[in-house]
Each structure stands twice: as C-alpha cells, then as structure tokens.
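Work through the exercises below with the model open beside you. Try each task before reading its solution.

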Amino acid sequence: MMSVSKFREELKNILIEPNTTTITSIKKIVHENNYFNLSDADRRTILDQVLRCYVLDIVLSKPPNLYDVCKMWTSFTIELVRNEMCTAIMPVVILSDMFDVTTMDVCEKMFDHVESNVNVLKEPQFFMACKNNLLRMCNDLLRRLSRSRNTVFCGRILLFLAKFFPFSERSGLNIVSEFNLENVTEYLNENNFDQTECMSDLNHEDEAKSDIIIEKVNIDKNLYLKFWSLQDYFRNPNQCYKTEHWKLFVSHTDFIFSTFQSHKLEHVNRMDNEGAEQNMHYFPKYLTNQKLLELQLSDVNFRRYILIQFLLLFQYLDAPVKFKLDNFKIKPEQQEWIKNSTTTIYELINNTPPDGVRFSEVVKNILQREEQWNKWKNDGCPEVTKRPPTSDQSDMPVPKRRLRRNLGDVIKNMTANNKVFLGDPELTKLWNLKPDNLEACKGPERDFLPSFDSFFQEAFEQLDPELCIENQYKKVNDGNFGWRALRLLARKSPHFFAQSNNPIHKLSEYLENMIKKTMSKENISSNQGSDKHVSPNKELKKESVIESEEVDISEGIQDENENENNIEVEDKNKISKQIIDLVAAAIGDKWNILAEKLGYQPDEIEFVKTIKTTPLDQATYLLEVWVEDAENPKPENLIYILEEIQLIEAANILKS
C-alpha cells in the first residue's frame with residue numbers, strides 16, 4: 001500500500017504543467033522504479049485516478065481560462081493513450097467530468113474540443129472504448145439543455161453524434177421497432193366539450209387572410225371526438241390488431257374520409273412572389289382546441305399531415321416487421337379495406353392544391369424508401385458497403401472528359417468583344433448586361449424616387465378644414481411619412497432647411513407649413529390656366545439662385561482646369577511613338593525574350609511572327625500592343641524589365 005501511495009504522490013507532482021516532458025517523466029517513474037511491484041493494468045488504473053482527481057480539482061477552482069485548460073488536458077490525455085500509459089477512455093472521461101461541474105454556457109464553449117477531436121476519437125484505438133462513454137456524456141448534456149432555448153447547442157450535439165457513429169451503429173437505431181407511447185395527444189373528452197363554442201363565432205377577417213376557400217364544416221362533438229381519437233392509433237398502431245379497436249378505427253376513418261371528400265379545398269394564389277409560400281410556420285405538436293378544428297380542416301398542410309399518418313399506419317400493419325408478435329397479422333378482408341382506403345387517400349392528396357399530383361409522387365417515393373429501411377433492419381442492419389461493379393458495368397466504355405479551353409484564350413476572346421470574364425457564368429452574364437455598369441445604374445427604370453407632387457398630394461388634401469380629419473390621423477403626424485418627406489425635401493433643394501426667425505418645434509408643423517406653401521402655389525398656377533407648369537421646387541430655388549451662381553461658375557472653372565491637368569499627366573506618362581521606335585531598334589531580335597517577360601503566351605508570340613516579318617517591326621508591334629493593353633504602361637515599369645533581361649541600351653533610351 002505504501003508503494004501505491006508513493007506512486008500516486010509522485011504522479012501528482014509531475015502533473016503540474018502537462019507537456020511532452022511530463023510524459024517522459026511518467027515513463028521514467030513507471031519503468032525505472034523497481035520497488036513498485038505493479039502490473040501495467042494497475043499502473044494505468046492509478047494514473048487514471050490521479051488524472052481525474054487532479055483535473056477535477058483544477059476545474060473546481062474556477063480558473064479564468066477554463067477553455068484553454070480543457071484543450072490542454074484533452075490533448076495531453078490523448079497523447080498518454082497513444083503512449084499506452086492510461087486507458088483509452090480517459091479523454092472522454094476527463095471531458096465528461098468537466099461538463100458535469102460547469103455551467104451550460106461554459107459547456108457550449110468547451111464542446112468545441114469534442115467536435116475538433118472527432119477524427120481522433122473515431123480511430124480504432126479510441127472508438128470501441130470511448131463510444132459508450134461519449135454517448136452517455138452527450139445524452140447527459142441533452143438532458144440538461146432546454147430544447148426551446150438551447151436549440152443551437154442541442155443541434156450541435158446531435159450533429160456530432162451523427163458524424164461520430166457509423167450509419168449502421170445499432171445504438172442509434174430503433175432495432176426492435178418500439179413506439180413512443182409517451183407521445184400522447186390531449187384533447188377534450190365528451191363531458192368537457194362545449195358545443196356553443198365553435199368556429200362559427202370566429203372573426204371573418206381570418207377567413208379573408210387564408211389561402212384556402214372551403215365550405216363551412218359543422219364542427220360538432222361527433223366530428224371532434226372521432227377526429228382526435230385517431231391520434232391514439234397513430235401513436236400505437238398495434239391496437240389495430242385487436243378486433244374491438246379495429247372496428248372502432250375503421251368507423252372513425254371512414255367518417256373522416258367522407259368529411260374530407262365532401263369539403264374539397266380550392267387554392268387561391270394571392271401571393272406576389274413564389275418564395276412567400278415557403279415562409280410558413282411549422283408546429284411540431286397538434287393544437288386540439290375545439291375552436292381551431294375548422295381552420296385546421298381548411299389548411300392544406302394539416303390535411304396532408306393527417307393523410308400521410310394514415311399511409312404510414314397502413315404500411316406498418318401489412319409490413320413484415322421482424323419483431324412483431326406472431327398474432328399481429330391482418331386478415332384478407334382487412335387487407336382489402338386498407339387497399340381501398342389507400343386509393344382514397346391518394347385521390348384526396350391529388351385533389352388537394354397546390355401541386356397535389358406532384359406531392360403524391362413524393363409521398364410514394366418516401367414510403368418506398370421506408371420499405372427498404374424496414375428490410376435493412378430485418379436483415380440485422382448489415383454494414384453498408386459500396387457495391388462492386390458488375391461485369392456489364394466493367395465492360396462499359398469510360399466517358400471521355402471534355403477538354404477545357406485555355407483560360408488565356410477565353411479572356412482574350414472576351415476582351416476582343418469588349419466583355420469581362422469573371423470565372424463564374426452567372427457573374428459574367430450579370431457583369432456584361434451593359435457595357436458601362438455605372439451608366440446602367442443611372443437608367444430611368446432604376447429611379448425609385450417619387451415625384452414631389454404625388455408624394456405630398458394626400459397630405460395636402462388632409463389639411464382642408466372641411467374634411468374634419470383629426471390630427472392623429474393626418475399623414476404629417478406619421479413618423480415614417482415625416483422621415484421620408486425630409487429626405488425628399490433635402491433631395492430637392494437646401495432652401496427647405498434655411499434658417500428662420502420663427503423656429504418650429506414640431507416636425508408636423510414644419511411639414512404643414514411647407515406643404516401649404518408649395519402645394520398652394522401649384523394650385524393657384526393651375527387655376528389661372530397657365531400654359532407653363534411651374535414646379536414648387538423651382539419656386540423655392542428662386543431665392544437661392546443668385547447666391548449660388550458665382551459658386552457654380554467658379555466650380556466649373558476649377559473642374560475644367562482639373563480635366564486639363566489630368567490630360568497632361570496622362571500624356572506625360574504615355575510612351576510616345578518616337579520613343580517606341582528607338583527602343584524597338586535597340587531591342588532588335590531579342591524582342592521575344594521581352595515578350596515572355598511581359599507575360600505573353602507562346603501562341604501570341606507566334607502570332608506576332610506571322611503578321612510581322614523583320615525583328616524591328618516585330619519589336620515595334622510588341623511595344624505598341626503593350627502600351628495599349630497594359631494596366632499600367634509607365635516607362636518605369638518597362639525600364640525595370642529591360643534592365644532585368646540585360647537590354648541596358650534600350651533602358652537608357654527610356655531614361656533619357
């Protein structure tokens with residue numbers, strides 16, 4: 001016992017700052033101290049215990065950098081396992097201990113280390129030993145989390161488990177085909193049902209907002225109780241194998257089918273954009289209030305949910321499930337009824353808008369895949385492997401890959417056609433809709449600014465005292481209207497914001513004053529029969545024209561001078577034709593070396609040789625093309641390249 005205690009004490013002294021040196025020190029203690037008469041299994045067990053106690057003490061001390069502590073000890077225990085110094089489950093055990101004594105906010109941050117080490121934990125050395133502990137740790141976290149408030153963290157845990165465990169892992173499968181009998185749908189019983197409270201008392205405004213038109217359904221106690229009692233059979237289909245339950249199920253089902261058939265749905269497409277239909281809310285649990293049943297029966301999605309539940313139930317009753325009891329079999333007359341009911345269901349789905357036929361095909365495909373899933377489970381969930389190619393497939397010719405065009409040729413062709421190539425087809429198409437994208441943005445179809453008169457017309461009419469409109473209902477008291485009105489006024493003229501001796505404390509008063517001035521002038525001019533329409537904006541600008549005239553003239557002169565200076569700078573930076581001829585003569589037959597340095601392709605160099613015969617003409621043509629096509633054809637750039645390829649004479653010509 002003394003040797004074991006001493007061994008624990010020495011291990012604890014080493015684990016102050018874990019690193020590679022720590023692992024070496026542990027090896028030295030284990031292998032060189034002969035007075036520890038312990039087996040390898042005992043040494044691993046003792047080291048596991050020391051690690052757990054030491055790390056737990058660190059976490060309970062609440063260090064400020066708990067995230068880094070978790071990362072450090074996780075990596076350290078993984079290295080210990082690789083060196084066969086502790087058991088393979090220790091990385092997960094250390095993580096589980098940390099999660100147990102920390103808050104959920106800290107756990108969510110530390111779970112990064114679990115996700116980042118998923119590939120390590122899937123290694124054979126760790127997987128078989130850690131999978132049960134890892135599953136238990138994740139389930140403990142899920143039990144502590146709220147599915148409604150911690151949705152993201154719950155999703156991360158479930159995604160990690162799906163990535164960690166293989167597809168055929170039995171712990172993630174419902175092997176024995178058990179049903180969730182705790183999923184009970186609660187609804188009113190016969191004694192609590194209030195016949196006076198029905199959907200006919202609801203406001204008809206909700207009906208106007210609905211996309212579905214349906215005739216009134218008499219929601220009485222009989223329909224309500226039969227409809228919601230069917231949920232108990234969907235929860236536990238094995239009840240249908242009992243005679244008394246089967247008769248009741250058939251009676252209720254036929255009644256519901258007749259209700260669906262007598263009240264067909266008609267789809268009304270009142271949505272302007274197609275994406276709005278996808279923006280619908282999803283409720284994972286049925287609401288069984290008696291006032292809602294009429295709206296539910298007029299909802300497309302609700303009807304489809306119920307019909308698909310029937311199809312799943314019918315498929316299970318007749319499916320060969322491995323773990324069914326021997327007496328769970330249906331009779332021939334029951335099979336005939338299921339067949340007829342299935343036909344009725346598909347007719348109802350086809351007649352349920354929108355896209356009823358297409359939705360029906362999707363449901364058939366889902367049920368077909370469900371049959372394959374059931375067969376795979378009946379076969380014992382064999383490992384999913386890639387099927388080897390058959391003899392017929394091996395003899396098939398391999399399709400040849402289509403040769404891709406050279407990127408340089410594509411860019412060259414696009415440039416020749418004054419187009420831009422961006423790599424992505426959609427971006428290239430968008431960018432080449434018009435030659436000048438800035439001019440395209442200035443097009444009249446992109447001017448969404450409302451006219452001055454139309455925007456203020458309604459507000460002006462509300463100022464008429466004969467209409468007796470209360471102040472709270474006037475447009476000028478609407479904050480949204482006031483904000484947009486100020487932006488429109490600022491866009492039209494700065495005169496609207498000139499200083500005045502009579503300050504206005506309210507925005508509504510200011511807008512009323514401006515609307516009266518501008519709109520009244522317009523009405524006076526129109527009543528006098530003036531041929532020329534005077535814009536309110538022009539009326540307000542008259543006072544400020546004289547003041548701004550001198551500024552406009554000076555700004556125009558300044559802009560003209562700036563344009564002339566820009567032209568002079570551009571001409572100064574551009575290499576003249578005379579200099580090009582002198583440099584080309586100095587380059588001579590070495591022009592092809594320069595062409596390679598400038599980035600031209602071999603096919604482009606050959607093209608120059610075909611159109612120009614002498615080296616002087618070829619060099620001159622190359623320099624002219626470079627000056628026209630280069631992004632920055634400055635003399636300094638060409639001098640640098642010429643000096644690099646030892647064409648000093650040509651470089652000196654450019655320098656001078």
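**Exercise 1. Find the residues with the most contacts inside the largest nonpolar core, and the helices that supply it.**

Solution. Start with the terms. A nonpolar core is a set of buried Ala, Val, Leu, Ile, Met, Phe, Trp, Tyr and Cys residues joined through side-chain atoms within 4.5 Å. Buried means under 20% relative accessible area, exposed over 50%, and partly exposed in between, with a 1.4 Å probe and protein chains only. The largest such core has 47 residues. W73, F99, I157 and F160 have the most contacts inside it. Seven helices are listed next; helices (H or I, at least four residues) and strands (E, at least two) are DSSP runs, numbered from the N terminus. At least two core residues come from each of α3 (40-60), α4 (66-82), α5 (90-100), α6 (104-116), α7 (118-121), α8 (124-144) and α9 (151-164).

Now take F160. Contact means heavy atoms within 4.5 Å. Leaving out residues up to four places away in sequence, F160 touches F111, V114, E115, V118, L134 and C138.

A second, separate core has 40 residues, including F234, F310, L348 and V363.

Two notes on the source. This is a predicted model, in which local features need pLDDT of at least 70 and side-chain atom pairs count only at pLDDT 80 or more, while totals for chains, interfaces and linings use all residues. Residues are numbered from 1 along each chain as its sequence is written, and side-chain values use heavy atoms, with hydrogens and water left out.

**Exercise 2. Which residues of α5 are buried, and what covers them?**

Solution. Count first: 10 of the 11 residues of α5 are buried, so this helix is largely enclosed by the rest of the structure. The buried ones are M90, P91, V92, V93, I94, L95, S96, D97, M98 and F99. Then look outward. The cover over them includes α3, α4, α6, α7 and α8.

**Exercise 3. Describe the packing of α11 against α14.**

Solution. Locate the pair: α11 spans residues 221-235 and α14 spans residues 300-318. Their angle is about 40°, with the axes 11 Å apart. Axes are lines fitted to C-alpha atoms, for helices over the stretch in contact, and angles run from 0 to 180 degrees between N-to-C directions. That angle makes α11 oblique to α14; under 35 degrees counts as roughly parallel, over 145 as roughly antiparallel, 65 to 115 as roughly perpendicular and the rest as oblique. The crossing is left-handed, meaning that the near helix is turned anticlockwise from the far one by less than a right angle. From α11, the contact uses F227, W228, L230, Q231, Y233 and F234. From α14, F302, I306, Q309, F310 and L313 take part.

**Exercise 4. Is S341 buried or exposed?**

Solution. Place S341 in helix α15 (residues 332-350). Its relative accessibility is 4%, so S341 counts as buried. Beyond residues up to four places away in sequence, S341 touches F257 and F314.

**Exercise 5. How far apart are L449 and R491, in sequence and in space?**

Solution. L449 sits in the loop between α20 (437-441) and α21 (452-462). At 36% relative accessibility, L449 is partly exposed. L449 and R491 are 42 residues apart in sequence, yet 9.7 Å apart in space, C-alpha to C-alpha. L449 touches both L488 and R491, not counting residues up to four places away in sequence.

Repeat for N174, in the loop between α9 and α10 (205-209). N174 is partly exposed at 35%. K377 is 203 residues from N174 in sequence and 8.8 Å away in space, C-alpha to C-alpha.

**Exercise 6. Which residues have a positive phi although they are not glycine, and where is a cis peptide bond?**

Solution. Recall the background: most residues other than glycine have a negative phi, and most peptide bonds are trans.

- S177 has a phi of about 55°. Its place is the loop between α9 and α10, and S177 is partly exposed at 21%.
- Q646 has a phi of about 65°. Its loop runs between α29 (635-644) and α30 (648-655). Q646 is exposed, at 59%.
- P353 and P354 are joined by a cis peptide bond, with omega about -5°. P354 belongs to the loop between α15 and α16 (356-378).
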